[in-house]
Amino acid sequence: MSKKKYLKKGRMHGQKIKLVRGKTAKRQCSICGSKLAGVPHGATKFGVGKLSKTQKKPSVPFGGILCTVCRATAAEEAAKIISGKKTEEIDLRFRPFVDAILKRL
Ligand SMILES: [Zn+2]
């Protein structure tokens with residue numbers, strides 16, 4: 001997060017340019033890149049830090065990392081591996097997440 005220049009209007013002395021910290025961007029899914037739901041955005045970094053743990057990300061596996069569709073797909077692929085599918089047949093983007101699921105079992 002970089003500092004951005006915003007024009008702030010002072011009450012007494014007209015306009016002044018002040019350095020203000022930028023706001024946090026919308027977070028993206030690490031596989032498909034879609035916008036994540038349930039994660040804070042639009043606040044400053046300080047404002048995000050003041051939130052509680054459950055307000056920062058959804059309390060599901062890979063919450064704040066993967067979107068709902070990709071999370072379901074990763075779980076499906078993990079189930080397929082258990083029932084006999086080979087690891088090499090899985091999409092490379094999903095492999096680290098499938099491995100993490102299999103480690104938890
Ligand atoms: Zn996704």
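**Notebook: helices H3 and H4**

I began with the pair of helices H3 and H4, which pack at an angle of about 60°, with their axes 9 Å apart. I chose these two values because two packed helices are described by the angle between their axes and the distance between the axes. I also looked up the handedness, and noted that H3 passes H4 in a right-handed crossing. I should record here that the model is a predicted one.

**Entry on confidence and overall make-up**

Before going further I looked up the confidence, and found that the mean pLDDT of the chain is 87, with 86% of its residues reaching 70 or more. Where is confidence lowest in the chain, and where is it highest? The lowest is in strand S1, residues 3–9, at a mean of 62, while the highest is in H3, at 95.

For the secondary structure I wrote down four helices and two strands, and the elements run β-β-α-α-α-α when I follow the chain from the N terminus. The chain has 105 residues, of which 10% count as buried. I then turned to the contacts with a separation of 6 or more, and noted that 28% of them in the chain are accounted for by residues 24 or more positions apart.

**Entry on H3**

Helix H3 covers residues 68–82, which makes 15 residues, and from its first C-alpha to its last it reaches 22 Å, close to the 21 Å expected at 1.5 Å a residue. Which residues of H3 are buried? I listed Cys70, Arg71, Thr73, Ala74, Glu77 and Ala78. These residues cover an arc of only 165° around the axis, and therefore they are on the same side of H3. On the other side of the helix I found Val69, Ala72, Glu76 and Ile82, which are exposed.

I next asked what the buried residues of H3 pack against, and the element I found is helix H4, residues 95–104. Just after H3 I came to glycine 84, which takes a positive phi of about 115°.

**Entry on H4 and where the two helices meet**

In H4 the buried residues are Phe97, Val98 and Ile101. Seen down the axis of H4, they fall within an arc of 100°, so they line one face of the helix. Pro96 and Lys103, on the other side of H4, are exposed. What covers the buried residues of H4 includes H3, and I wrote down the residues that meet: Ala74, Ala75, Glu77, Ala78 and Ile81 from H3, with Phe97, Val98, Ile101 and Leu102 from H4.

I looked at leucine 102 by itself, since this residue of H4 is among those that meet H3. Leucine 102 counts as partly exposed because it has 14 C-beta neighbours inside 10 Å. Once I left aside its neighbours within four places in sequence, I found leucine 102 in contact with Ala78 and Ile81. I also looked up its distance to isoleucine 82, which lies 20 residues apart from it along the chain, and the C-alpha atoms of the two are separated by 8.6 Å.

**Entry on two loop residues**

Phenylalanine 62 is found in the loop between helix H2, residues 53–56, and H3. Its phi is near 60°, a positive value in a residue other than glycine. I marked this value for a second look because most residues other than glycine have a negative phi. Phenylalanine 62 counts as partly exposed because it has 19 C-beta neighbours inside 10 Å, and a residue is called buried if 20 or more other C-beta atoms lie within 10 Å of its own.

My last look was at leucine 51, whose place is in the loop between helix H1, residues 45–49, and H2. Is leucine 51 buried or exposed? It is exposed, with 12 other C-beta atoms within 10 Å. Leaving aside its neighbours within four places in sequence, I found leucine 51 in contact with Pro40 and Lys56. Between the C-alpha atoms of leucine 51 and proline 40, which are 11 residues apart along the chain, I noted a separation of 8.9 Å.

Methods
Residues numbered from 1 in each chain as written. Predicted model: local features only at pLDDT ≥ 70, side-chain atom pairs only at ≥ 80, totals over all residues. Expected span 1.5 Å × (residues − 1). Arc of directions from axis to C-beta. Contact = placed C-beta atoms within 7 Å. pLDDT = per-residue confidence, 0-100. Axes fitted to C-alpha atoms, helices over the stretch in contact; angles between N-to-C directions. Left-handed = near helix turned anticlockwise from the far one by under 90°.
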